[in-house]
Amino acid sequence: VERFEVATRARRALVDVTRDVEAACARLGLRDGAAMVYVPHTTAGVLINEGYDPAVAEDLLAALEALLPRGPFRHTEGNSDAHAASVLVGASALVPVAEGRLRLGRWQRVFLCEFDGPRTREVWVAGLGGR
Amino acid sequence: VERFEVATRARRALVDVTRDVEAACARLGLRDGAAMVYVPHTTAGVLINEGYDPAVAEDLLAALEALLPRGPFRHTEGNSDAHAASVLVGASALVPVAEGRLRLGRWQRVFLCEFDGPRTREVWVAGLGGR
Amino acid sequence: VERFEVATRARRALVDVTRDVEAACARLGLRDGAAMVYVPHTTAGVLINEGYDPAVAEDLLAALEALLPRGPFRHTEGNSDAHAASVLVGASALVPVAEGRLRLGRWQRVFLCEFDGPRTREVWVAGLGGR
């Protein structure tokens, strides 16, 4: 498993980590199959969506924020909205890999999702081999 | 990676692609592990849910539509609700494979999710080998 | 594929199955890669989130319940809210495995999500090998 860190700058943010994932796959020597991009956190997530127009990421964060309650919560840290956003997005995403390259769609990028920052987050990348 | 295309007929639709996924797995020669079903699009997705009663798919689309805002959006294409639905559902799903066959639960089927159609969509299927 | 069963006790519940997943991985002999934790059901799911404070699980269930409509539904079983919750959470989750051990983050646990119980649910665990 390869790892890298991302320092986020706001409570909620989407950070394009596609190049870091590509570099991790190169270090793994992954040729074919899929890269699992995983966050070991419970108030963060990983998603794949449009990276060309940055306004999409802003709209995605606004949509998630509008969906989720601000409390009252039973969890006394008061950040259960961030836990719920993490669950909706998921702790991992899979990216196809062929001939040693990430095979995203034309407009797709891989984003680390921060829902309770700013913090320094870890991202793990593991290669799942094709058959 | 094997590929097939799906022509969708409405802005929002769930299309049962289970047989296409089975055929793609047969072409891959996948015996054991999982099939990754992936869409290279940012306003579409893949989900696994009930395919027996078509009313479930209609209720799922209605629930997603009720959840997501219609704007205003910063993204000038005006389809950020479709991007958000894609994120909630996810760009991929994993299906267990054993002895060369998809191992879905009794009522489960694999659906391509269209959120900004009608369009022709690609679906990619990759085999992730079991150990 | 290894399997185990979980008897849920309420209509909606999150059940920590991390130890069962660990035991299944040990039976599989999985050394490196990822464990795919999969439910063959259409009104259940699998998620990874905080397991330290049980109040988080309660807040997550409350957030999902607040999100989803109670009907009217076209599906005559009347449980389409449970199908929708299953879709939002997903039918599977991936857990990194290295040197024969699950590699969850410090606060992460694996939960079976029940959205239409009480029922006896199956959980399947398959090893996806690393490369």
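What rotation superposes chain A on chain C, and with how much shift along its axis? Keep that in mind as you look around; the model on your screen is a predicted one.

Start by selecting chain A and chain C together. Turn chain A by 120° with 0.0 Å of shift along the axis, and it lands on chain C with an RMSD of 0.0 Å. That is how a three-fold axis relates its copies.

Now hide everything but chain A and switch to a cartoon view. You'll find 3 helices and 8 strands in it. Trace the chain from the N terminus and the elements come in the order β-β-α-β-β-α-α-β-β-β-β. Chain A is as compact as a globular protein of its length, because its radius of gyration is 15 Å, close to the 14 Å that the globule rule gives for 131 residues.

Next, show just the C-alpha trace of chain A and spin it around. Along its principal axes the trace spans about 50 × 30 × 25 Å.

Bring the side chains back and ask which residues touch. Take the contacts in chain A with a separation of 6 or more: 85% of them join residues 24 or more positions apart.

Time for a surface view, still on chain A. Its accessible surface is about 5300 Å², and carbon and sulfur atoms hold 44% of that. As for what's tucked away, 61% of the 131 residues of chain A count as buried.

Last stop: colour chain A by charge. There are 16 positive and 17 negative charges, and the mean positions of the two sets lie 3 Å apart.

How values were computed
Residues numbered from 1 in each chain as written. Chains lettered and ligands numbered in written order. Predicted model: local features only at pLDDT ≥ 70, side-chain atom pairs only at ≥ 80, totals over all residues. Heavy atoms only, no water. Least-squares fit on C-alpha atoms with pLDDT ≥ 70 in both. Helix = DSSP H or I, 4+ residues; strand = E, 2+ residues; numbered from the N terminus. Rg over C-alpha atoms; globule rule 2.2 N^0.38 Å. Buried < 20%, exposed > 50% of the residue type's maximum accessible area, 1.4 Å probe, protein only. Contact = heavy atoms within 4.5 Å. Areas by Shrake-Rupley, 256 points an atom, 1.4 Å probe, with all protein chains shown as cover. Lys, Arg positive; Asp, Glu negative; His and termini not counted. Charge placed at Lys NZ, Arg CZ, Asp CG, Glu CD.
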